[in-house]
Amino acid sequence: MLQIALLLLLFIQSNIAQKVVRYDLYVQDTIVNFTGKSRRAIAVNGMIPMPTLTFTEGDTAEIYVHNKMKESTSLHWHGLWLPNTEDGVPYVTQMPIEPNTTYLYRFPLIQNGTHWYHSHSGLQEQIGMYGSFIINKRLDDKKFRQGIDDLPTIPIILSEWTDYDPDNVHRMLHNATDWFAIKKDRHKVMLRQLVKVISRPN
Ligand SMILES: [Cu+2]
């Protein structure tokens, strides 16, 4: 009887703690101009990088992916412990998310920390599909450090951009071409321009 009561208590507690946190991600083609040339990129909810997804350990993530592109997509939750069916690898753990369809990823968060998520289809990650994935510690976590874990935080992502089609970069890397070594001074100039663009106050 005591065991049943204890079990019931545990069940009630874990039910109270659990919160379902929903995000809707709209994946869409876009045009960017970081270097003076217009290039195709992918924005999610109009953003590059993708929106930061924030949870607390114990929450259940409900992430609806609305594919508004003309090609299929997928999302992989980098370094997260989750049921294999939610891992986001097309043709391995799910079918690709086809154009104009919505796909739901749903999984419990059983860890805390700063992670990231990205497309697992082709080289979509290289043209914008990467974002922060934050899982806060629970306030009642024994390891919660007052004055440290409750400090306000702002996630920062460092990324890079190339005007080359990433598939082309991939191909050239396999061919061990010297193209990028020859062009590197030109790239330094582009990089300087890019730093100027992103550091410009708006
Ligand atoms: Cu990954």
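**Notebook: sheet, core and a bare helix**

I started with the strands and found an open sheet of four, ordered β2-β1-β4-β6, with mixed pairing. A reminder to myself: this is a predicted model.

Next I asked which strands stand at the edges of the sheet. They are β2 and β6 (102–108); each has a single partner strand, so one side of each is left without a neighbour in the sheet. I also looked up the twist: neighbouring strands here are turned by 20° against each other on average, with direction ignored.

Then I took a look at the β4–β6 pair. The two strands run antiparallel, and seven bridges join them. For a landmark on screen, I picked His66, which stands opposite Thr102 in β6.

On to the core. How many residues does the largest nonpolar core have? I noted 21, and Leu25, Val44 and Val65 are those with the most contacts inside it. At least two residues of this core come from each of β1 (20–32), β2 (39–44), β4 (60–67), β5 (75–78), β7 (113–119) and β8 (130–136).

I clicked on Val65 to see what it touches. Leaving aside residues up to four places away in sequence, Val65 touches Leu25, Val27, Leu75, Ile97, Thr102, Tyr103 and Tyr105. Happily, Leu25 turns up again here, and Thr102 is the residue I had just met opposite His66.

Last stop, helix α2 (residues 166–174). I checked how many of its nine residues are buried, and the count is zero, so to speak a helix that is hardly covered. Just after α2 I found Ala176, with a positive phi near 50°.

Conventions. Residues are numbered from 1 along each chain as its sequence is written. This is a predicted model: local features need pLDDT of at least 70, side-chain atom pairs count only at pLDDT 80 or more; totals for chains, interfaces and linings use all residues. A nonpolar core is a set of buried Ala, Val, Leu, Ile, Met, Phe, Trp, Tyr and Cys residues joined through C-beta atoms within 7 Å. A residue is buried if 20 or more other C-beta atoms lie within 10 Å of its own, exposed if 12 or fewer, and partly exposed in between; C-beta atoms are placed from the backbone. Two residues are in contact if their C-beta atoms, placed from the backbone, lie within 7 Å. Two strands pair if DSSP finds at least two bridges between them. Axes are lines fitted to C-alpha atoms, for helices over the stretch in contact, and angles run from 0 to 180 degrees between N-to-C directions.
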